[in-house]
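Let's take a walk through this one, helix by helix. Have the sequence and the coordinates open side by side as you read.

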Amino acid sequence: MGLRGPKPQSNVIKLLRGNPGRRTLDLSDGVHPEVAVPDIPRHLSPEARKEWRRITKELADVGLVSRLDRAALSIYCQTWARLVLAEQAIEGKRRHAVAAGLDEAEAVFIQLTPTGFQRESALLRIVGKLQQDCDRYLASFGMSPSSRSRVKPSDNRQGDLFQEAGEDEWKSV
C-alpha cells in the first residue's frame, strides 16, 4: 500500500509558511554521500544497460546518485528493460492481429482460456505490474514530479571539486 494523504512538503517550505503544525522541523544537512556513478552490474540486459547510462548521467548532474545506489539502480533498470520487452510483445501482437485482419484491440486486451472463456491479457497485467514497480523505483530517486520534494541532492561532489580546481589552476597560469 502506498503512502496515505498528501505528499509531504519539504521542511524549508513549512518554515516559509510559518510551520502551521508547530512540529519541530529538522533543518540539518543530514547525510550526503559523494556524488558518483556506480559501476554497471554485469548481469544487466542490454536494454537495462542503456537505461543505466541514460539515467545515471541525469542523476549525477542533479546530485542524486552515489555508489550506495548500485543495487536500487540495477533493480530499476532491469524492471525498465522488462517493461520495454513486454510493451514490444504487445506491439507485436497488435501488428500480427492487423496483418491477419483481426480486431487489434481484442487481440491485445483479451486472451482466451483453454476452455474458451475470455479474460484480460496476461501481457497487460504484466505491463501494469511493471509500470507500478517502475513508478515506485522512480520515486526512490526523486524522478517523479511528486517525489522531488522528498529527496535531497548530495552536496558532496568531491570529484567535481578536484576537477574544477585543476581547471582553475590552468586558467590562472
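Helices here are DSSP runs of H or I with at least four residues, numbered from the N terminus. Keep in mind that this is a predicted model.

A good place to start is glutamine 78, which sits in helix α3. Is glutamine 78 buried or exposed? Its relative accessibility is 14%, so glutamine 78 counts as buried, the cut-off being under 20%. Its side chain has a polar partner: it reaches the backbone nitrogen of serine 45 at 3.4 Å. If you skip the neighbours within four places in sequence, glutamine 78 is in contact with His43, Leu44, Ser45 and Ala48.

Now zoom out to the helix around that residue. α3 has 31 residues, and at 1.5 Å a residue they should span 45 Å; the end C-alpha atoms are indeed 45 Å apart, so expectation and model agree. Besides Gln78, the buried residues of α3 include Leu73, Tyr76, Cys77, Leu83, Val84 and Ile90. What do they pack against? The buried residues of α3 have α2, α4 (104-109) and α5 as packing partners. After α3 comes glycine 101, with a positive phi near 80°.

That packing leads us to the nonpolar core. The largest one holds 21 residues, and the members that touch the most others are Ile55, Leu59, Leu73, Tyr76, Cys77 and Met143. Three helices, α2 (46-61), α3 (70-100) and α5 (122-140), each supply at least two residues of this core. Which helix gives the most? That would be α3, with 7 residues. For a sample of the wiring, pick isoleucine 55: leaving out neighbours within four places in sequence, it is in contact with Leu73, Tyr76, Cys77 and Met143.

On to α5. Its 19 residues should span 27 Å at 1.5 Å a residue, and the end C-alpha atoms are 28 Å apart, so this helix agrees with expectation as well. Val127, Leu130, Asp133 and Cys134 are buried in α5. They cover an arc of only 130° around the axis, so they lie on the same side of α5. Part of what covers the buried residues of α5 is α3. Check both ends of the helix too. At its start, a side-chain oxygen of serine 121 comes to within 3.2 Å of the backbone nitrogen of leucine 123. Following α5 is glycine 142, whose phi is positive, near 70°.

Two of the buried residues just mentioned are cysteines, so what about a bond between cysteine 77 and cysteine 134? Cysteine 134 is the closest cysteine to cysteine 77 by sulfur position, but the sulfurs are 9.0 Å apart, which is too far for a bond. A disulfide needs the two sulfur atoms within 2.5 Å. Across the whole structure, a search finds 0 disulfides. Both cysteines are buried all the same: cysteine 77 has 0% relative accessibility, and cysteine 134 has a relative accessible area of 5%.

Last stop, strand β2 (residues 118-120), where you'll find glutamate 120. With 43% relative accessibility, glutamate 120 counts as partly exposed. Glutamate 120 and phenylalanine 109 are 11 residues apart in sequence, yet their C-alpha atoms are 5.9 Å apart in space. Beyond its neighbours within four places in sequence, glutamate 120 is in contact with Phe109, Gln111 and Arg125.

Technical notes:
Residues numbered from 1 in each chain as written. Heavy atoms only, no water. Core = buried A, V, L, I, M, F, W, Y, C linked by side-chain atoms within 4.5 Å. Buried < 20%, exposed > 50% of the residue type's maximum accessible area, 1.4 Å probe, protein only. Contact = heavy atoms within 4.5 Å. Polar contact = N/O pair within 3.5 Å; in protein donor to acceptor, adjacent residues only side chain to side chain. Expected span 1.5 Å × (residues − 1). Arc of directions from axis to C-beta.
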